[in-house]
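Grab a pencil and work through these exercises with the viewer open. Each one sets a task and then walks through a solution.

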Amino acid sequence: MSKRKPYQREMNNDWWLKNAFYSKYMIREGSSILITVYSLILAWGVFRLSQGEEAFNAWLSALQHPISIIFHLLVLLIALYHTITWFSLAPKAVDLYIKGKPLDAKFIVAGHYISFIIVTIFCLVLIML
Amino acid sequence: MNAQQTTTNQLPEKKYIRSHEPIFWGLFGAGGMLTAFLTPVMVLVTGLLIPLGLIDAEHLSYEKLHQFVSSWYGAPIVLVLVALPLWHTLHRIFHSLHDLGIKRGRDWQQVICYGFAFAVSVFVFTLLLQMLSL
């Protein structure tokens, strides 16, 4: 057994509340919790769907509850925040070169936003068909 | 030269332990991409527009959805839409536990986080398989 006792800097659990940059980081990470719950609601919907029409309609009408509406509004906001942070990181992941020159980061970010808008409109049209 | 050869031969073969991180990181990245592009519109449709009646509930009726979900192309789409974001979010939750200084049982935290995503994926997969009609 080693008798070595290295110094460990103290770290309180509220470190992320004292600096706006860290708070935003934790909000981004925290978005995971709401999105997890949303995925579970969808998984439950698949389960109700498998049980028949009556069960599925009960799931649909449960979604009309005011609490459900407020919850989904929150999920929408935090999901959009996730989208913004994801797109602002995109140039680091994409790293495109055209004729040996790196592509400007703002084109990559703009490209993501344009595809996001197209995908969103496409899905809205698709569900209406 | 000869002496050098014998010494290298005597060295024990180095064993590499491969990390499982690339698999989970890959699922994290794919889930993050899907969440960024599709979750907002999914929440908008299933959580707001249909419950509030802004889109006719006909468009998400039992018959229409069941027909889609039981098709060979609909089942994998629904599985990805429902389960893949979980591999993203549970990965983030696992790493956030570290950020919050929760040190105890790190390996079990990992088992519980990824295990949860796996369990829900299997749950949805099984239901879809049950509804599948070819």
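Let's fix one term before we start: buried means under 20% relative accessible area, exposed means over 50%, and partly exposed is in between, using a 1.4 Å probe and protein chains only. This is a predicted model, where local features need pLDDT of at least 70, side-chain atom pairs count only at pLDDT 80 or more, and totals for chains, interfaces and linings use all residues. Residues are numbered from 1 along each chain as its sequence is written, chains are lettered from A and ligands numbered from 1 in the order in which they are written, and side-chain values use heavy atoms, with hydrogens and water left out.

**Exercise 1. Decide whether B:Gln109 is buried or exposed, then describe its surroundings.**

Step 1: find the residue. B:Gln109 sits in helix α5 of chain B, which covers residues 106-131. Helices here are DSSP runs of H or I with at least four residues, strands are runs of E with at least two, and both are numbered from the N terminus.

Step 2: check accessibility. B:Gln109 has 11% relative accessibility, so it counts as buried.

Step 3: look for a polar partner, meaning a pair of N or O atoms within 3.5 Å; within protein, one must be able to donate a hydrogen and the other to accept it, and residues adjacent in sequence count only if both atoms are side-chain atoms. The B:Gln109 side chain reaches the backbone oxygen of B:Arg104 at 2.8 Å.

Step 4: list the contacts (heavy atoms within 4.5 Å). Setting aside neighbours within four places in sequence, B:Gln109 touches B:Phe94, B:Leu97, B:Ile102, B:Lys103 and B:Arg104.

**Exercise 2. Do the same for B:Ser121: which backbone oxygen does its side chain reach?**

Step 1: B:Ser121 is also placed in helix α5 of chain B.

Step 2: its relative accessible area is 13%, so B:Ser121 is buried.

Step 3: the side chain of B:Ser121 gets to the backbone oxygen of B:Ala117 at 2.7 Å.

Step 4: beyond the neighbours within four places in sequence, B:Ser121 is in contact with B:Leu79, B:Ala83 and B:Trp87.

**Exercise 3. Work out what is unusual about the phi of A:Lys99.**

Step 1: A:Lys99 is in the loop between β1 (97-98) and β2 (101-102) of chain A.

Step 2: its phi is positive, about 50°, although A:Lys99 is not a glycine. Most residues other than glycine have a negative phi.

Step 3: with 85% relative accessibility, A:Lys99 counts as exposed.

**Exercise 4. Sketch the layout of each chain: how many helices and strands are there?**

Step 1: chain A has four helices and two strands, running α-α-α-β-β-α along the sequence. Chain B has five helices and zero strands.

Step 2: compare each chain with a compact globule, using C-alpha atoms for the radius of gyration and a rule of 2.2 Å times the number of residues to the power 0.38. For 129 residues the globule would be near 14 Å, but chain A has 22 Å. For 134 residues the globule would again be near 14 Å, but chain B has 23 Å.

Step 3: add the boxes along the principal axes. The C-alpha atoms of chain A fill roughly 65 × 55 × 30 Å, and those of chain B roughly 85 × 45 × 25 Å.

Step 4: finish with burial. Buried residues are 33% of the 129 in chain A and 42% of the 134 in chain B.
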